[in-house]
Each structure stands twice: as structure tokens, then as C-alpha cells.
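Dear colleague,

I am passing on the model we spoke about, with my notes underneath it. Please read the notes with the structure open.

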Amino acid sequence: MVVVKVKGLKKSYQKHEVIKGLDFEIRKEKCIALLGANGAGKTTILQMLSGLIKVSSGNISFTGIEEGEDFRKLIGYLPQHPVFYEWMTGREFLEYAGKIAGLSKQDSKVRTEELLELVGIMEAKNRRIGKYSGGMKQRLGIAQALIHRPQLVMLDEPVSALDPFGRREVLELLERLKKTTTILFSTHILNDAEEVCDEILFLHNGRLVESGTMEQLRDKHQQAKIDLVFKGKEDKYIEHLSSLVKVQSVTIEGSKISFFVTDIEQARTVFLKELAELNWPLVKFEISRTSLEDVFMKVVEK
Ligand SMILES: Nc1ncnc2c1ncn2[C@@H]1O[C@H](COP(=O)(O)OP(=O)(O)OP(=O)(O)O)[C@@H](O)[C@H]1O
């Protein structure tokens, strides 16, 4: 089921167009990463989706919402730099957020307890937020975004400002959360996206340059290669091995020679047999693929 459908979305500030016509949809109970470098337009998109800023043109339609009906009950939002009342306790803050979101006092209390448990800060619920670590604050912020049981939760760079411990805590929380809630989160770190997301929307200069599931992106872009390292370097290694199978290209990085081949299984068998026979001074033989990081760097450079 589609939760939200975006068509021809554009945003300009004065004459400067920062979002240049986006089409995508988000399906239920998926975790989607909005990936892009600083200034790519991630925050602008999340703010348009959450109704914080107006779209310049295009359309955002949430499933189950009639024209003119308030869609905000369907979404939860955590800004890039959330601000908390530091003197409140985590429990007080969530109950207050529940009240603002329109929950009854009783429901707000029940939901607060559920969320304190879910995000793993139950033992700190009566501590002032000012004493929380960065990771705890971020988890509290996520709980706040979930207080009214939204269908879609949008998180703007939820892990970027955290140390490795905080980052791990939040990524693990997203992993748990995605089983029951649709998540759209922005990040400039591919690893974070790869770790928890089912799909990626890859944004560059206000345009979607790639999108799809991790598997689709890997199949489309990642190339199989055989990396070889020999003791000493001789051109004959490259020449001879390239003549044996169909090689698309060869790259050399330090002592590593990478053969990008069309048929990896065939190349593996042929290379191994040949290398055993020739007895060249082989130090390393590895079958690998180009990383998604390499793929995205190439897309951006283009
Ligand atoms: N209120 C504004 N007025 C004018 N330009 C803006 C405004 N807000 C954002 N921009 C511009 O829009 C572009 C996209 O910004 P945005 O904050 O959406 O990027 P981002 O991908 O979230 O980057 P970051 O990771 O740095 O937050 C940038 O060029 C930015 O300077």
C-alpha cells in the first residue's frame, strides 16, 4: 500500500530552484533513506512533506486523506536540530507532546510508557532531559514523533550529529521501528542508509538521480571484479590474463590490479587454473564488487 505519493514536486526560494521536480512514492512499512550531500535538498523535501513549508509546484498526496483534510495526524516529524525543554523529564516531555498532538490525558500517559520502553529510555524517564546524552535525546525526539501513532515518521539526519555509540543506539532503534512503522529518514552517510533501509532515494542538487531497493541498485550498478596482487609488478600479468576471458576494464591501485569481467564465474575458474600453472608470485586473489559508495561518487561526478 502506498502511504504518500509525490508528483512533480518543486521548491524555489526567490529565483533559486532548490527542488527541481521530484516523483516518488513511499510504501507502507518500508524504511526509506533520503540520501544526499549537504545542500542536496533533503531538509526542504521533509519540510514540504510535513507541511512546514509550502511547495512551489507539484503535488503531495497521502493515502486516505481527502482534499482539505488535515494530513498531519498521519505523520510524525523529527527536525534536524530538535529543541527540548531541558528542565522537563523525558516522561513529562512525552506526555506534553501527547497533549499537543490531541491525545487524551490517559492515552498520553499510556503511549508515553509504551514509547519510553520502545526507544529504550525507560530507566531515565524521571531524569531531566538536560542530563540525557545525545543519543538519548535523539531517541526521545523519535518517541515524540511517534506519540500520536503516525503512519509515516520522518526523521531529518537522526544520526549525523551522534558519536558512534549514540549512532548505533539510534540505528538499532530504527531497525526495530521499521517492523511496525514506515520510516523516511535523511542522511548523507551511505553506510547508515545501507544498514537499515529497504530503499534509497538518492538526491543530488534537488533532483533524484537514483532510486530503488538496495538489491536493485546493487544489481544495476555494481560490477563484479577480481582483485589480484602480485609480488612485483609486470605488464605481462595484465596482458596475459586479459587475453583469457572477456575483460571490460582493468584498474591499478597501488599493488592491486582489478579486472572487471563480464562473467565472474568463468573468469574465476580460468584465472585460478592459469595462475596455478604459471606459478606467478601471487599474493592475493579476491572476488569482489564495486561498492555502492563508488557508484554514488560516480553518479555525483557525472
Ligand atoms: N529558507 C531558505 N532560503 C533560501 N535558500 C534556502 C532556504 N532553505 C534552504 N535553502 C537552500 O536550499 C538548498 C537545499 O537545502 P537543504 O537544507 O534542503 O539541504 P540538505 O540536503 O538538507 O542539506 P544539509 O544536510 O546541509 O541540511 C541549499 O542550497 C540551501 O542553501
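Below are the notes, beginning with conventions and then going through the ligand shell, the annotated domain and the cores.

This is a predicted model, in which local features need pLDDT of at least 70 and side-chain atom pairs count only at pLDDT 80 or more, while totals for chains, interfaces and linings use all residues. Residues are numbered from 1 along each chain as its sequence is written.

Around the ligand lie Tyr13, Val18, Gly36, Asn38, Gly39, Ala40, Gly41, Lys42, Thr43, Thr44 and His188, a residue being counted if its C-beta atom, placed from the backbone, lies within 6 Å of the molecule. Helix H1 (residues 42-49) contributes the most to this shell, with three residues; helices here are DSSP runs (H or I) of at least four residues, strands (E) of at least two, numbered from the N terminus.

UniProt, in an unreviewed entry, places "domain: ABC transporter" at residues 4-230, although such annotations may be inferred rather than shown by experiment. Over that range the chain is 33% helix and 30% strand, with its end C-alpha atoms 53 Å apart.

The largest nonpolar core (buried Ala, Val, Leu, Ile, Met, Phe, Trp, Tyr and Cys residues joined through C-beta atoms within 7 Å; buried means 20 or more other C-beta atoms within 10 Å of a residue's own) has 59 residues, of which Ile32, Leu34, Ala143, Met154 and Ile183 touch the most other members. Helix H4 (residues 134-146) supplies the largest share, six residues. A second, separate core has eight residues, including Ile226 and Phe271.

Best regards

How values were computed:
Buried ≥ 20, exposed ≤ 12 C-beta atoms within 10 Å, placed from the backbone.
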